[in-house]
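Please work through the exercises below with the sequence and the coordinates open beside you. Each task is followed by a solution that proceeds step by step.

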Amino acid sequence: MLDIECAGAEVEETIKRIQSQKGVQGIIIVNAEGIPIKSTLDNSSTVQYAGNVHQLLMKARGMVRDIDPQNDLTFLRVRSKKNEIMIAPDKDYFLIVIQNPTE
Amino acid sequence: MSVSHKVGTMKSKQDEEEGLDTAEGEEWMQGKTLVKPPDQLDLTEAELNEEITRVLKASNPNAPQNVVRYSFKEGCYKPIVFVDQMAIHFELEGNLVHKESDEGRRLMAKQAEVDDGGGVERPDNVAIKAAKREQKLTNQFNFNERASQTLNNTPRDISCQTEPPPRANFSATANQWEIYDFYVEELQRREKSKEKHEGQFLNKEEDKSKKKMIQAETQNDDISQLAKVVKIIERMVNQNIFDDVAQDFMYFEDASDEFRGEKGTLLPLWTFQYDKAKSLSVTALCWNHKYNDLFAVGLGSHEFTQQGGGMLLFYTLKNPSYPEFIFNTASGVMCLDIHEHLSYLVAVGLYDGCVAVYNLKKKTDQPIYNSRASSGKHTSAVMQVKWQKDDLDSNHNFISVSADGRLVSWTLVKVQIQMTFVKCLRKTTSYNVKLNKCVFFIGLVGTSLDFHKQKDYSFLVGTEHGKIHKGSKYYSSKFLEKYDAHFMNVTRVKWNPFHPDVFISCGWDWMVKIWDQTMKSPVFTFELKTSVTDVAWAPYSSTVFAAVTTDGKVHVFDLNINKYEALCQQKVVSKKTKLFNIEFNPVHPIIIVGDDRGHVTSLKLSPNLRKKPKVGDALILCIEKPTH
């Protein structure tokens with residue numbers, strides 16, 4: 001139990017650190033059903049990001065595993081003109097970070 | 001001809017009419033010539049005069065003449081001679097019916113009815129009707145006919161409907177990877193069930209684990225599962241921020257080195273700092289051999305007067321903004337070493353004389369072994385620790401040298417750490433006190449220790465007085481050799497990783513000296529302008545080494561290229577910052593230097609500094625050439 005609590009605190013701390021890094025605009029944590037459970041952006045943006053990213057992630061993961069079932073997706077970067085969206089999936093959750101890398 | 005006569009006789013009376021007739025007759029007669037049809041047979045006169053007999057028969061020429069019938073008596077087919085010879089040419093069925101026949105009478109009765117139908121029907125015509133219905137003979141006076149009708153039930157429609165079975169919509173995808181996942185899970189389940197059969201008391205444990213699982217699940221949305229993912233994201237974010245640095249690290253090769261002659265430069269890459277370590281200075285650095293981007297930093301203080309706590313940090317090049325592992329120690333860390341094969345074991349020597357071993361796999365902050373409680377621990381700061389090969393019982397062990405003048409071997413036996421005295425550094429004149437077979441001298445302060453790469457029983461110890469002692473693990477009483485190296489503290493001795501006889505030493509007397517172990521005097525001597533705090537051989541070349549000094553400069557030498565001067569002398573930290581440690585990365589062309597502010601700076605070596613010698617062992621050639 002202690003381990004889980006420590007891990008939770010560590011995760012919180014890491015998220016705070018990421019949030020304070022240069023150029024990071026927002027962090028969203030989404031659970032397996034596509035419902036955002038934690039976010040630093042406003043509600044409408046969060047919901048939009050979560051929904052769209054969820055579909056993209058399923059597609060990307062399906063593609064990687066289709067080609068080789070022993071493989072799995074580690075992360076996905078979507079670089080656009082204005083910013084970069086980084087998506088890292090887990091078994092039950094996934095994390096979205098929006099960063100503007102060149103400030 | 002006769003016709004013409006008749007016509008002739010009436011001629012006198014009807015001239016005009018007869019004249020026409022005669023004309024017609026004549027014409028008709030004239031036309032009466034024989035005309036042959038085109039398909040008539042051409043026969044000769046003889047054939048024409050032939051007499052052909054024609055006979056009339058009573059038999060039907062179309063009747064079959066070869067009818068056979070199977071005779072069961074004789075068991076064979078027998079022809080029937082007598083065949084019906086009647087040939088019907090025309091048949092017409094008539095519709096006349098005889099008056100007296102049944103059908104005739106019926107028809108006659110019907111006819112009469114129809115005629116009577118025009119008149120009004122009278123009830124006392126029963127007689128007539130009775131006469132018509134001749135078939136049914138009934139009693140005229142006493143006949144009753146009754147009819148009744150059964151009750152027709154009103155028709156009803158009854159239907160019943162059963163409750164439909166519960167339905168649910170199910171949809172799923174069957175991909176190759178879903179099938180693979182399922183098989184993997186199935187395999188795991190089978191293995192678990194095998195283990196279940198083998199163990200008997202596992203049931204209770206399973207219940208406990210199930211309870212734990214339930215508890216963990218009820219904390220739903222527990223984001224502690226995200227630890228790995230969050231780490232990945234943090235590294236990605238850092239990669240983006242330090243994108244140019246990462247690109248430089250991987251790909252930048254300074255092209256101007258071609259024009260610089262022999263000289264090279266150091267390109268600053270990342271700077272690693274931890275804000276809680278601001279007051280501490282870097283005392284030890286070590287790269288991890290298994291994971292080439294991970295390195296350990298020991299933080300403490302070199303000053304005698306400013307002793308406080310210490311820290312052990314692990315950084316990775318993938319995340320320059322925050323350390324991967326953080327351990328707080330009670331006193332300042334003076335030295336550390338990472339085990340060559342088991343890269344999660346770290347031995348740390350502290351200022352208060354304790355040695356500790358940390359296991360990176362465990363999540364706790366505490367070391368797994370600590371020599372605080374054991375007897376025979378060092379009484380003064382531990383200056384260097386080095387891991388050794390596992391002993392015969394395959395226990396891990398390491399050797400430490402400390403400022404109290406003793407060389408001690410520590411063995412990790414299960415839970416505790418055991419000390420085995422190896423040697424003590426002795427002065428020439430002192431008194432001895434016997435303790436447990438070992439001779440205990442008040443000896444010299446050992447400051448540095450290094451073990452030979454190939455012959456790992458042979459080691460070098462540098463002392464505060466400037467002497468270097470070469471010893472062997474098998475001779476615990478005496479040292480094999482003694483070199484008068486420096487006038488002041490020897491800060492580092494290191495064996496050359498390629499050449500078996502060469503080692504390097506540096507000290508506070510501004511000197512860096514290269515020795516051949518067979519010779520009493522150094523082969524090369526370099527003077528740098530200030531006290532040299534650390535020196536390291538390069539892992540890719542036997543002739544390249546680098547040294548750091550207290551004025552913040554890094555000096556890189558390549559004996560193959562230039563035996564007298566450094567190829568690079570570059571100040572890498574801001575003013576008045578002293579550099580204390582330097583280490584080469586085993587794989588990548590970078591070095592890390594630690595300073596007294598607690599920062600670690602990584603620098604990339606330019607191509608001129610990275611030249612690999614082409615000939616086998618260039619160092620031998622350098623040494624054998626007459627230089628001194």
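The exercises treat salt bridges, two sheets and the interface between the chains.

The model is predicted, so that local features need pLDDT of at least 70 and side-chain atom pairs count only at pLDDT 80 or more, whereas totals for chains, interfaces and linings use all residues. Residues are numbered from 1 along each chain as its sequence is written, chains are lettered from A and ligands numbered from 1 in the order in which they are written, and side-chain values use heavy atoms, with hydrogens and water left out.

**Exercise 1. Salt bridges within a chain**

Task: Determine where A:D72 and A:R61 lie in chain A, and classify each as buried, partly exposed or exposed.

Solution: Begin with the criterion, by which a salt bridge is a side-chain nitrogen of Lys or Arg within 4 Å of a carboxyl oxygen of Asp or Glu. The side chains of A:D72 and A:R61 satisfy it, with N to O at 3.4 Å. Next, locate the partners: A:D72 is in the loop between α2 (43–67) and β3 (76–79) of chain A, while A:R61 belongs to helix α2 of chain A, 11 residues apart. Helices (H or I, at least four residues) and strands (E, at least two) are here DSSP runs, numbered from the N terminus. Finally, apply the accessibility classes, in which buried means under 20% relative accessible area, exposed over 50% and partly exposed in between (1.4 Å probe, protein chains only). A:D72 has 36% relative accessibility and therefore counts as partly exposed, whereas A:R61, at 18%, counts as buried.

Task: Carry out the steps for the salt bridge between B:E324 and B:K231.

Solution: The N to O value for this pair is 3.3 Å. B:E324 lies in the loop between β6 (310–316) and β7 (325–329) of chain B, and B:K231 in helix α8 (residues 227–241) of chain B, 93 residues apart. B:E324 is buried, with a relative accessible area of 17%, while B:K231 is partly exposed at 37%.

**Exercise 2. Two sheets of chain B**

Task: Give the strand order and the edge strands of the sheet that contains β27 and β28 of chain B.

Solution: Two strands pair if DSSP finds at least two bridges between them. On this basis four strands form an open sheet in the order β26-β27-β28-β29 (chain B), with antiparallel pairing. The edge strands, each pairing on one side only, are β26 (532–537) and β29 (568–571) of chain B. Within the sheet, β27 (residues 544–549) and β28 (residues 553–558) of chain B are joined by five bridges, and B:F545 stands opposite B:F557 in β28(B).

Task: Explain why β8 and β11 of chain B are each left without a neighbour on one side.

Solution: The open sheet has the order β8-β9-β10-β11 (chain B) and antiparallel pairing. β8 (333–338) and β11 (369–370) of chain B stand at its edges with a single partner strand each, so one side of each has no neighbour in the sheet. Five bridges join β8(B) to β9 (residues 345–350) of chain B, where B:D337 stands opposite B:A347.

**Exercise 3. The interface**

Task: Describe how chain B meets chain A.

Solution: With contact taken as heavy atoms within 4.5 Å, 27 residues of chain B touch 39 residues of chain A. The count of salt bridges between these chains is two; one of them pairs B:E234 with A:R17, whose closest N and O atoms are 2.6 Å apart. On the side of chain B that touches chain A, α6 (176–198), α7 (202–218) and α8 of chain B each give two or more residues, and α8(B) gives the most, with 12 residues.
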